[in-house]
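Got the structure open in your viewer? Let's take a short walk through it, one selection at a time.

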Amino acid sequence: MQINGGGNQFFDRLGLKTGDPLKVIRRACLVLARARTYTGVLQWFDQPIVDLMDWVEAVESLEKETKSKKRG
(Lines give C-alpha, C1' and ligand atoms only; values in the text may rest on other atoms or scores of the structure.)
Protein backbone atom coordinates (compact mmCIF):
# COMPACT_ATOMS: atom_id res chain seq x y z
CA MET A 1 0.00 0.00 0.00
CA GLN A 2 1.52 3.30 -1.05
CA ILE A 3 0.44 6.54 0.61
CA ASN A 4 0.66 9.86 -1.21
CA GLY A 5 -0.55 13.40 -0.90
CA GLY A 6 -1.94 14.51 2.46
CA GLY A 7 -1.75 10.99 3.83
CA ASN A 8 2.04 11.25 4.04
CA GLN A 9 1.80 14.10 6.53
CA PHE A 10 -0.58 12.11 8.72
CA PHE A 11 1.69 9.06 8.83
CA ASP A 12 4.82 11.20 9.28
CA ARG A 13 3.33 12.73 12.43
CA LEU A 14 2.84 9.22 13.81
CA GLY A 15 6.45 8.29 13.15
CA LEU A 16 5.55 6.10 10.18
CA LYS A 17 7.94 7.72 7.72
CA THR A 18 7.96 4.94 5.19
CA GLY A 19 6.59 4.22 1.75
CA ASP A 20 4.40 1.47 3.19
CA PRO A 21 2.90 2.31 6.60
CA LEU A 22 0.85 -0.90 6.51
CA LYS A 23 4.07 -2.89 6.95
CA VAL A 24 5.01 -0.77 9.96
CA ILE A 25 1.55 -1.20 11.48
CA ARG A 26 1.63 -4.95 10.87
CA ARG A 27 5.06 -5.16 12.53
CA ALA A 28 3.80 -3.07 15.46
CA CYS A 29 0.88 -5.45 16.00
CA LEU A 30 3.22 -8.44 15.95
CA VAL A 31 5.62 -6.78 18.40
CA LEU A 32 2.78 -6.06 20.79
CA ALA A 33 1.29 -9.54 20.51
CA ARG A 34 4.69 -11.08 21.31
CA ALA A 35 5.38 -8.73 24.23
CA ARG A 36 3.49 -10.77 26.83
CA THR A 37 0.47 -8.53 26.50
CA TYR A 38 -1.79 -11.59 26.25
CA THR A 39 -3.51 -9.77 23.41
CA GLY A 40 -3.73 -11.24 19.93
CA VAL A 41 -2.53 -9.59 16.74
CA LEU A 42 -6.05 -9.01 15.43
CA GLN A 43 -7.04 -7.16 18.60
CA TRP A 44 -4.09 -4.80 18.13
CA PHE A 45 -5.20 -4.16 14.55
CA ASP A 46 -8.49 -2.85 15.98
CA GLN A 47 -6.69 -0.11 17.91
CA PRO A 48 -6.46 3.45 16.57
CA ILE A 49 -3.08 3.98 14.90
CA VAL A 50 -2.11 6.72 17.35
CA ASP A 51 -2.75 4.44 20.33
CA LEU A 52 -0.98 1.56 18.64
CA MET A 53 2.21 3.55 18.12
CA ASP A 54 2.10 4.78 21.74
CA TRP A 55 1.86 1.16 22.92
CA VAL A 56 4.80 0.14 20.73
CA GLU A 57 6.88 2.97 22.15
CA ALA A 58 6.00 1.94 25.71
CA VAL A 59 6.80 -1.74 25.12
CA GLU A 60 10.10 -0.98 23.38
CA SER A 61 11.10 1.40 26.18
CA LEU A 62 10.30 -1.21 28.82
CA GLU A 63 12.24 -3.89 26.94
CA LYS A 64 15.26 -1.58 26.64
CA GLU A 65 15.07 -0.81 30.36
CA THR A 66 14.83 -4.50 31.25
CA LYS A 67 17.87 -5.37 29.08
CA SER A 68 19.82 -2.54 30.64
CA LYS A 69 19.06 -3.80 34.18
CA LYS A 70 20.09 -7.34 33.26
CA ARG A 71 23.48 -6.10 32.08
CA GLY A 72 24.06 -4.55 35.46
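This tour visits a pair of helices and then a pocket. Keep in mind along the way that this is a predicted model.

**Stop 1: two helices.** Start by selecting helix α2, residues 21-34, and then add helix α4, residues 49-71. Their axes come within 10 Å and cross at roughly 50 degrees. Angles from 35 to 65 degrees fall into the oblique class, so α2 and α4 are oblique to each other. The crossing is left-handed.

**Stop 2: where they touch.** Which residues make the contact between α2 and α4? On the α2 side, pick Val 24, Ile 25, Arg 27, Ala 28, Cys 29 and Leu 32. On the α4 side, pick Ile 49, Leu 52, Met 53, Trp 55, Val 56, Val 59 and Glu 60. Colour them by class and you'll get 11 nonpolar residues, 2 charged ones and no polar ones.

**Stop 3: the largest pocket.** Leave α4 on display, since you'll want it here too. Now select Arg 34, Ala 35, Arg 36, Val 59, Leu 62, Glu 63, Thr 66, Lys 67 and Lys 70, which line the largest pocket. The volume of this pocket is about 280 Å³. Helix α4 gives the most to the lining, with 6 residues. Try the class colours again: this lining has 5 charged, 3 nonpolar and 1 polar residue.

**Last stop: Val 59.** Click on Val 59 once more: this residue belongs to the α2 and α4 contact, and Val 59 also lines the largest pocket.

Conventions. Residues numbered from 1 in each chain as written. Predicted model: local features only at pLDDT ≥ 70, side-chain atom pairs only at ≥ 80, totals over all residues. Heavy atoms only, no water. 1 Å grid on protein atoms, 1.4 Å probe; cavity = no way out; pocket = protein on both sides within 12 Å on 5 of 7 lines; lining within 4 Å. Points joined across faces, edges and corners; volume = space filled by probe spheres on them. Helix = DSSP H or I, 4+ residues; strand = E, 2+ residues; numbered from the N terminus. Nonpolar A, V, L, I, M, F, W, Y, C, P; charged D, E, K, R; others polar. Axes fitted to C-alpha atoms, helices over the stretch in contact; angles between N-to-C directions. Parallel < 35°, antiparallel > 145°, perpendicular 65-115°, else oblique. Left-handed = near helix turned anticlockwise from the far one by under 90°. Contact = heavy atoms within 4.5 Å.
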